[in-house]
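Me: I would like to go through this model by asking, for each label, what stands behind it.
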Amino acid sequence: MIFLKALLVIFLFSNMCIADDFISLTDFYYSKNLNNPEKYYKNYSTDNIIDYFNLASIYKEFGKNEKAGEIYKKILEINPKEARAHFELAKVYYFLKKYEEAEKEINFFLNTNIINWEVYFWWGCILLKEKKYNDVLEKFNTALKLDTRKVVIYIKIAQLYEQRENFEEAVNYYKKAIAADKTYTELNKKIARLYEKMKDYINSYKYWVIVNNIDPKDIEANEKINYYVANIAELKAKLDEYNKELKQKREIFIPPDKKTIASGEIPIIKIGLLKEVDSISFKCGGDFEIRDEKGKFVLKGEKLKEYNIDFDSNRVFLSFNNEKLYFKDRIFIMRQNKDSTTTIYNIHHGEGFYWSEKKDTTYRGDFMIYAVNKKINLINLINIEEYLYGVVPSEIPTQWHKEALKAQAVAARTYTLRHLDQHRKEGFDLCATQHCAVYKGIYGENKKTNEAVDETAGEVLVDKNGEFIDTFYSHCCGGHTQDVSDVWGFKRIQSLKGVFDGERNKWEFPLSPFYFEEWVRSLPDAYCRATGDNEISFRWIRYFDAESLEMYINKKETIGKIKDIEPVKRAKYGALTEIRVIGEKGIRNFKFDPIRNILGKIRSNVIKWEYSKDEKGFIDEIFIYGAGWGHGVGMCQRGVKGMAEKGKNYKEILFHYYLYFYLLALF
Ligand SMILES: [Zn+2]
Ligand SMILES: [Zn+2]
């Protein structure tokens, strides 16, 4: 982001004075009713450039591009060489579909030495709209050379190829976008459709299955899959072959023995693996006993045989060797050899997420199976340390520094013990999904994370009353963690205040609208600033066209096409805590953490957007600039990585993110 810095310097030196009402604009920005920028504007007269940038920044956020444009022009009246204002004005003209004016503003940069991917990117976008196809690719390629991380460039190149009916290249670029940023799940649908246009039904089917895995309710995907399976002979043959292979693979697979941690003191917890499914199939690596709801022995189970649980006239039964065992309430599968493991077929991991997949999955521990609402629940009974073996690797990349893995193990152990009542009403403690913690059994386990669990055995964080503290954590805070009371509306929790995630903080929070825009678009010096891999979690841009935006929002609320998205309230460390979405069929407000899900599962709520509208007043393109990945409360995992690499140990790391606690070994 050298370019942004360069621009910032230009105007900072051009006008250093700060108007008296600067603070009140910031207050206004973080107030509860950020719905009327005009109200502020009416009482407003200043020649301060930063104040104008602040105001224009708010207008952009409300989709009032015309107004934002007026403000940028005012800035250029004060200082015609203000590069940042030229750049912003070019974008605003683009959003207003005044492409010639937009090009003029971009041309300002031709005679300057300010070169950056963004200038070329927007230049390409403008030319694409003008259908000056021959120049578009050159601009986008230059943008890519200057910064290859920007996934939004791949999408624009894909759009270019799609417009020119080069579907193969369009598919290639959509795939590049997904490879670089897997949260772009809606692109799978675009790829599926393009393959269909190319009459490549096998690949089209493959992508419809991906769409279906991520969202089993997607109507278009379900229709396509059913149609293809019924009508494409080649596909039918392939699927038969695949199912035959899967069956053979299952027959020869032996769930491996895993050395169990033998200790009577370690609590056994109940993890919901399957909730309200129609049937369950499993195979144990060792012999087992089936016991009834009172724990009474019913039947001996044989190792390496497939057992099924189904329904028959409203009763649940277990079937094996063509025999059926009906059961009243629940049964327990108890291993005889405590080191043996059990494989459950076709477990759906990560529904709704980009990493969604269905996979046979092997678990340690015993099991409980019971009927609920004419469906079946499957619960894993496992000691907490072995549960953590299966959880920690899903929470943190296993190749990270040992001290980072240990901090994660302590946080996860404390979190687990603190949140054991999450699913009490449903008859278990925690589920195996993102809702509680992703748990993939031994299929997820890793030697290094198992060691981190062992080396911190039993260690937890408690407050002065001996209660487990809330050790929330998320992947990347973006440079500042959030106050739990701000972003979830909880009452204040002493241990979970927002902290600057670095050594020296040069930013004054709450940031004014323009500086907040800078914050989400630059790379401030923080522990969680990427150290090479996957920079996309620290700072990112998420792009949606009209169809994708409408699809995501309407999954939650049917309000049709989207006219406006407005910020309503922002927390002091930048996370949006309330938004208003104005659709053709209604207006809805959304609060707190669900905001990022509603806006297409974007990575965080620390965001700022710009959008354009079509001639009917509906949003046709939106660019969301974001910082971080996750809710931002508590420990920042990428920050943990950064701290560990700077030589901090796991205790120092925990003390940086959580406040007022004691570290204690329970067993
Ligand atoms: Zn849960
Ligand atoms: Zn961080």
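**Reasons behind the labels**

Reply: L304 sits in the loop that runs between β4 (297-301) and β5 (306-312), and the coordinates discussed here belong to a predicted model.

Me: What makes L304 count as partly exposed?
Reply: A residue is buried with 20 or more other C-beta atoms within 10 Å and exposed with 12 or fewer; L304 has 15 C-beta neighbours inside 10 Å, so it counts as partly exposed. Its backbone deserves a remark as well, since L304 has a positive phi of about 60 degrees although it is not a glycine.

Me: Why is Y660 called partly exposed?
Reply: With 13 other C-beta atoms within 10 Å, Y660 is above the limit of 12 for an exposed residue and below the 20 needed for a buried one, and therefore it is partly exposed. Y660 is placed in the loop between α25 (650-657) and β23 (662-665), and its phi, near 55 degrees, is a positive value in a residue other than glycine.

Me: How do you know whether F590 is buried or exposed?
Reply: F590 has 22 other C-beta atoms within 10 Å, and because 20 or more are required, it is buried. F590 belongs to strand β19 (residues 586-591) and, leaving aside residues up to four places away in sequence, touches I579, V581, I595 and I598. From K249, F590 is 341 residues away in sequence and 46 Å away in space, C-alpha to C-alpha.

Me: How do you know that the length of helix α13 agrees with its number of residues?
Reply: The 14 residues of α13 (residues 201-214), taken at 1.5 Å a residue, should span 20 Å, and the end C-alpha atoms are 20 Å apart, so the two values agree. Within α13, the buried residues are S204, Y205, Y207, W208, V211, N213 and I214, and these pack against α12 (187-197), α14 (219-231), α15 (233-252) and β10 (357-363).

Me: Which residues have the most contacts inside the largest nonpolar core?
Reply: They are A177 and I271, in a core of 180 residues, to which helix α8 (residues 117-129) gives the largest share, 10 residues. The core draws at least three residues from each of domain 1 (2-220) and domain 2 (268-462). Apart from residues up to four places away in sequence, A177 touches V151, Y154, I155, A158, Y184 and L187.

Me: How far apart are domain 1 and domain 2, and which residues make their contact?
Reply: The C-alpha centres of domain 1 and domain 2 lie 45 Å apart, while the contact takes seven residues from domain 1 and six residues from domain 2. On the side of domain 1 that touches domain 2 there are, by class, two nonpolar, three polar and two charged residues.

Me: What is the mean pLDDT of the protein chain, and which element has the lowest?
Reply: The mean pLDDT is 91, and 93% of the residues reach 70 or more; among the elements, helix α1 (residues 2-14) has the lowest mean, 41, and α12 the highest, 98. Over residues 1-23 the pLDDT is below 50, although this stretch has 35 contacts in the model beyond near neighbours in sequence. Where pLDDT is low, predicted coordinates should not be read in detail.

Me: Where is the cis peptide bond, and what is its omega?
Reply: The cis bond joins F509 and P510, with omega about -5 degrees, and P510 lies in the loop between α20 (484-488) and α21 (513-521).

How values were computed. Residues are numbered from 1 along each chain as its sequence is written. Chains are lettered from A and ligands numbered from 1 in the order in which they are written. This is a predicted model: local features need pLDDT of at least 70, side-chain atom pairs count only at pLDDT 80 or more; totals for chains, interfaces and linings use all residues. Helices (H or I, at least four residues) and strands (E, at least two) are DSSP runs, numbered from the N terminus. The expected span of a helix is 1.5 Å times one less than its number of residues. Two residues are in contact if their C-beta atoms, placed from the backbone, lie within 7 Å. Domain bounds come from an automatic or database domain assignment. Ala, Val, Leu, Ile, Met, Phe, Trp, Tyr, Cys and Pro count as nonpolar, Asp, Glu, Lys and Arg as charged, and the others, Gly among them, as polar. A nonpolar core is a set of buried Ala, Val, Leu, Ile, Met, Phe, Trp, Tyr and Cys residues joined through C-beta atoms within 7 Å. pLDDT is the predictor's confidence in each residue, from 0 to 100.
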